[in-house]
Amino acid sequence: MGVGGNFWDLLRPYAQQQGFDFLRNKRVAVDLSFWIVQHETAVKGFVLKPHLRLTFFRTINLFSKFGAYPVFVVDGTPSPLKSQARISRFFRSSGIDTCNLPVIKDGVSVERNKLFSEWVRECVELLELLGIPVLKANGEAEALCAQLNSQGFVDACITPDSDAFLFGAMCVIKDIKPNSREPFECYHMSHIESGLGLKRKHLIAISLLVGNDYDSGGVLGIGVDKALRIVREFSEDQVLERLQDIGNGLQPAVPGGIKSGDDGEEFRSEMKKRSPHCSRCGHLGSKRTHFKSSCEHCGCDSGCIKKPLGFRCECSFCSKDRDLREQKKTNDWWIKVCDKIALAPEFPNRKIIELYLSDGLMTGDGSSMSWGTPDTGILVDLMVFKLHWDPSYVRKMLLPMLSTIYLREKARNNTGYALLCDQYEFHSIKCIKTRYGHQSFVIRWRKPKSTSGYSHSHSEPEESIVVLEEEEEVVEEEESVDPLDGLNEPQVQNDNGDCFLLTDECIGLVQSAFPDETEHFLHEKKLRESKKKNVSEEEIATPRATTMGVQRSITDFYRSAKKAAAGQSIETGGSSKASAEKKRQATSTSSSNLTKSVRRRLLFG
Ligand SMILES: [Zn+2]
Ligand SMILES: [Zn+2]
Ligand SMILES: [Zn+2]
């Protein structure tokens, strides 16, 4: 989409794969209709309202896992041509059969149009309930995305539409693959400029030549390669004017290109007469004279050597002749492309140029974007109604977003002691999880047994720490199928009456929200590691010492059947016998073993 031909292929060498933290704490503009369109798996097969499902997961993912501040942009009234191109693409990728829908002239289906608009509207409703800002463009969504980018309101645009560069985007994320080490396929305009020597107006010129979303055909017979060669001849300031000239039938003065009159024919025939070449060796002179007195270039005693295949005479006449031929070729090439351009009707289309260059697309002020808190109640109703999801599932899947907001708030303003979702308190850092090479903390959120008697843990946070089995590091396997579009599903843990929720959180964010707890965790981790190292160095048979203030290992009291079977020892930061005792009684239950009603009770009952 965007510029026609294989335009993206031209930019491909300038693609950069960026890692997990690329968008962290950055604002990013998302072209909503492409957000819906550009998915491969979620929509295939029968899923109720795939656009809503996808928007839900992707947005939470972008917000919580990648730590971005997304702002969504919807099309205002795009030019009819363009919206048709988008819609047909959408339906192609969705696999939905559109044959039965009524088709009016130009292959445009009113029904399809209506359906797409309805889906966009539903997504906007969802996004607004999530507290994500949504801006409506006056025209094209990617134009507003680009403008927000060029004016510094956002750091990047997420759109697969190459038009974004023409509209002034500085950084375009073409694709996101959540389940990879480097999820973002990213293009910087500065790299394109320095690599290809193309600036914004050059790109506009290319799009005029090869076609774009507004004028799909471009100039007949001119593809990306030819267009590139044409526009590179001119500076950014001139390129559009020169195209205008060519369109009007004027042939530009191109270095090494078009020159009037003399095309070298005269020179060649003149030269042939005056400077004959030997037909045997190819050098200056004649075969006859070379036979008599040898050729000075061949350097043999008598006669001359037969010229090899592909022989190139380097005499000044021949060099000049080659230059002239080259120039003629270039000339002919320019004449041909100029003729083609001059033949194109109304070229270049000033309206399209103005469209790309106009900067007045903003409806409001880009600085007014703000990120709120999801309206959980209404969101649950919406998802239950539209997707037939279980209310507890909606709440659970929303959790990463809520915990991210909570941690951000906490990091910003440490005075408040609000609970996550009014029900869960930060309990502890369970472990470090590594997924696709990226580390995060698994955070344990605790739901106090009695909500009314909650305050006890408030006043004595130290005592609320229960020692549990530590999983030092979890390295998740990389799955090929991903129904949640990369979202890490929060886990529920029922630990001897204490309800825990486990979420994956950014290490840096947790660190700034809970510096003491993070330091404690990292300290304990270090101790465990050094202890483990000592153990392996000193022979495992030696009984583990509990000296030097090193906390006793939980294995002194309790051995996990699972870990024992694996032949590994578990070390935790447990220091008191009482807590170990508690641990002994503890029965960890994974969410899959819980009944639905228990799970519902756990999830914000
Ligand atoms: Zn010769
Ligand atoms: Zn010779
Ligand atoms: Zn020669």
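**Aromatic pairs and an open sheet**

Both Trp8 and Phe165 are buried. The model is predicted, and the structure holds 19 aromatic pairs. Its strands include an open sheet of seven, with mixed pairing. The points below take up individual ring pairs, an aromatic cluster, charges over rings, and the sheet with a helix that lies across several of its strands.

**Trp8 and Phe165**
- The ring centres of Trp8 and Phe165 are 5.9 Å apart and the planes stand at 65 degrees, so this pair is edge-to-face, the cut-off being over 60 degrees.
- Trp8 belongs to helix H1 (residues 7–11) and Phe165 to helix H7 (residues 163–166).
- With their positions 157 residues apart, the two link distant parts of the chain.

**Phe426 and Trp445**
- The rings of Phe426 and Trp445 have planes at 90 degrees and centres 5.7 Å apart, so they too form an edge-to-face pair.
- Phe426 lies in strand S8 (residues 425–435), while Trp445 lies in strand S9 (residues 438–447).
- The two residues are 19 residues apart, and the pair links distant parts of the chain.
- Phe426 and Trp445 are both buried.

**Aromatic cluster**
- One aromatic cluster is formed by Phe20, Phe22, Phe66 and Phe184.
- Of these residues, Phe184 falls in strand S7 (residues 184–188).

**Charges over rings**
- Arg408 places its charged end over the ring of Tyr69, 3.9 Å from the ring centre.
- Tyr69 falls in strand S3 (69–74).
- Arg444 lies over the face of Phe500, with a distance of 5.5 Å to the ring centre.
- Arg444 falls in strand S9 (residues 438–447).

**The seven-stranded sheet**
- The strand order in the open sheet is S1-S7-S6-S5-S2-S3-S4.
- Strand S1 (15–18) and strand S4 (134–136) are at the edges; each has a single partner strand, so one side of each is left without a neighbour in the sheet.
- From one strand to the next, the twist averages 30 degrees.
- Strand S6 (residues 171–176) and strand S7 (residues 184–188) run antiparallel and are joined by five bridges.
- Ile173 has Cys186 in S7 as its bridge partner.

**Helix H6 on the sheet**
- Helix H6 (residues 141–150) lies across S2, S3, S4, S5 and S6.
- Relative to strand S2 (27–31), helix H6 runs at about 165 degrees.
- Strand S5, one of the strands that H6 lies across, spans residues 156–158.

Technical notes
Residues are numbered from 1 along each chain as its sequence is written. Chains are lettered from A and ligands numbered from 1 in the order in which they are written. This is a predicted model: local features need pLDDT of at least 70, side-chain atom pairs count only at pLDDT 80 or more; totals for chains, interfaces and linings use all residues. Side-chain values use heavy atoms; hydrogens and water are left out. Rings of Phe, Tyr and Trp (its six-membered ring) pair if their centres lie within 6.5 Å; planes under 30 degrees apart count as stacked, over 60 as edge-to-face and the rest as tilted. Helices (H or I, at least four residues) and strands (E, at least two) are DSSP runs, numbered from the N terminus. Buried means under 20% relative accessible area, exposed over 50%, partly exposed in between (1.4 Å probe, protein chains only). A charge sits over a ring if NZ of Lys or CZ of Arg is within 6 Å of the ring centre and within 35 degrees of the ring normal. Two strands pair if DSSP finds at least two bridges between them. Axes are lines fitted to C-alpha atoms, for helices over the stretch in contact, and angles run from 0 to 180 degrees between N-to-C directions. Contact means heavy atoms within 4.5 Å.
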